[in-house]
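Reader: I would like to learn how to read a structure such as this one, feature by feature. Could you take me through it slowly?

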Amino acid sequence: AGSKSVRAAGHCGGTDTLCGRSILRSAAALSGVGETGVFLRVFCHGATPCCQKNPDTDEIECECEPKEIIENKRDDKDDQKQCARFGGSTVKLLGSAALAATEAEGQCKFSKTAESTCQTTVPAAIAGLGFFIENAARASRDCPPSAFPLDPEERRIDDFILGWADPRDFYQCGQNTKRLGVSMDVIARGIAGAVVDCPYGNLSRITKPVKSARRFFTP
C-alpha cells in the first residue's frame, strides 16, 4: 500500500519517487520473512509418531492402525513440500529485500554507475533462486494433481486417475511451471548483469537493473 501511495504521488505531482517506493518494497519483503518464519515453524518437522500426547488431557493417545499410519505419512510428505515451499519463499524475500534496498541506494543518489547496478544484480539472482525453489515445491504438490485412494472400495478408475484432485490444481500446476521459467530468467539476468557491470566500478552502467515480478515481494 505504501509503495502504491508513493508511486501515485509521483504520477500526480510529476516528481521522481522511485527512491521511496524501493525503500517501502524492501520493508514489505522483510515483513514477509516474518510471515514465512511462522509457516516454517508449522510445516518443518520430523515424522509424526502414531502415539502422541494430548495437550488437553496430558495423556498419551495412540492411533497406530495401518490406515492411520499411511495417513500420517501422507500428511508428513505434504508438510515436507510445504516446508520446502516456504523455505524458498524466505530466500526469495531476503533476496528481494536486498534487491530493493540496493535499488533505493542508487535511486536516492541518482546514480547510474556500473557499481550501483552491480549491487542489485547479485541479490536479484538470489531472489530468483528462492523463487525457483518455492515454485518447484509448489509444482511437486500440484503437478500432476493425483492421489491414490486409501480405501479399496474407492479405487474406481476415475478416482485412480484423479484421486482427491481439485480441477483448479491443473491451473495452479500451469502457473507454477510458468513461474519456474520466470525465476530462471531472473537468475540468468542477475548473473549476467553481475559479470558485465561489476568490473567497471564508477563508469556508466552497461546493463539495466533487473526487474522482478510482484510475486517476489509476497510470501
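Reader: Let me start with a single residue: is Cys143 buried or exposed, or does it count as partly exposed?

Author: A residue is called buried under 20% relative accessible area, exposed over 50% and partly exposed in between, with a 1.4 Å probe and protein chains only. At 23% relative accessibility, Cys143 counts as partly exposed. Before we go on, please note that this is a predicted model, in which local features need pLDDT of at least 70 and side-chain atom pairs count only at pLDDT 80 or more, while totals for chains, interfaces and linings use all residues. Residues are numbered from 1 along each chain as its sequence is written, and side-chain values use heavy atoms, with hydrogens and water left out.

Reader: To which residue does a disulfide join Cys143?

Author: A disulfide is a pair of cysteine sulfur atoms within 2.5 Å. Here Cys143 is joined to Cys173, with an S to S distance of 2.0 Å. The torsion about this S-S bond is 125°, and the link is right-handed. Cys143 lies in the loop between helix H4 (114-142) and helix H5 (157-162), whereas Cys173 lies in helix H6 (residues 168-197), so the disulfide ties together parts that are 30 residues apart in sequence. Unlike its partner, which is partly exposed, Cys173 is buried, with a relative accessible area of 17%.

Reader: How are labels such as H4 and H6 assigned?

Author: Helices (H or I, at least four residues) and strands (E, at least two) are DSSP runs, and they are numbered from the N terminus.

Reader: How many disulfides does the structure hold?

Author: The structure holds 5 disulfides, and two others are worth reading beside the one we have just discussed. One of them joins Cys19 to Cys108, with 1.6 Å from S to S. The torsion about the S-S bond of Cys19 and Cys108 is about 70°, so this disulfide is right-handed. Because Cys19 lies in helix H2 (residues 18-43) and Cys108 in helix H3 (residues 66-108), the pair ties together parts that are 89 residues apart in sequence. Cys108 is partly exposed, with a relative accessible area of 34%.

Author: The other joins Cys44 to Cys83, with 1.9 Å from S to S. The link of Cys44 and Cys83 has 100° about the S-S bond and is right-handed. Cys44 lies in the loop between H2 and strand E1 (51-53) and Cys83 in helix H3, so parts that are 39 residues apart in sequence are tied together. Cys44 counts as partly exposed, at 32% relative accessibility.

Reader: At what angle do H2 and H3 pack?

Author: Axes are lines fitted to C-alpha atoms, for helices over the stretch in contact, and angles run from 0 to 180 degrees between N-to-C directions. H2 and H3 pack at an angle of about 160°, with their axes 8 Å apart. Angles under 35 degrees count as roughly parallel, over 145 as roughly antiparallel, 65 to 115 as roughly perpendicular and the rest as oblique. H2 is therefore roughly antiparallel to H3. The residues of the contact of H2 with H3 divide into 18 nonpolar, 11 polar and 3 charged, where Ala, Val, Leu, Ile, Met, Phe, Trp, Tyr, Cys and Pro count as nonpolar, Asp, Glu, Lys and Arg as charged, and the others, Gly among them, as polar.

Reader: How do H3 and H4 cross?

Author: The axes of H3 and H4 come within 7 Å and cross at roughly 160°. These helices are therefore roughly antiparallel to each other. The residues of the contact of H3 with H4 divide into 11 nonpolar, 10 polar and 9 charged.

Reader: What describes a pair of aromatic rings?

Author: Such a pair is described by the distance of the centres and the angle of the planes. Rings of Phe, Tyr and Trp (its six-membered ring) pair if their centres lie within 6.5 Å; planes under 30 degrees apart count as stacked, over 60 as edge-to-face and the rest as tilted. By this rule the count comes to 4 aromatic pairs. Among them, Phe39 and Phe86 are stacked, with 4.3 Å centre to centre and 10° between the planes. This pair links distant parts of the chain, with Phe39 in helix H2 and Phe86 in helix H3, 47 residues apart. Phe39 counts as partly exposed at 29% relative accessibility, whereas Phe86 counts as buried at 7%.
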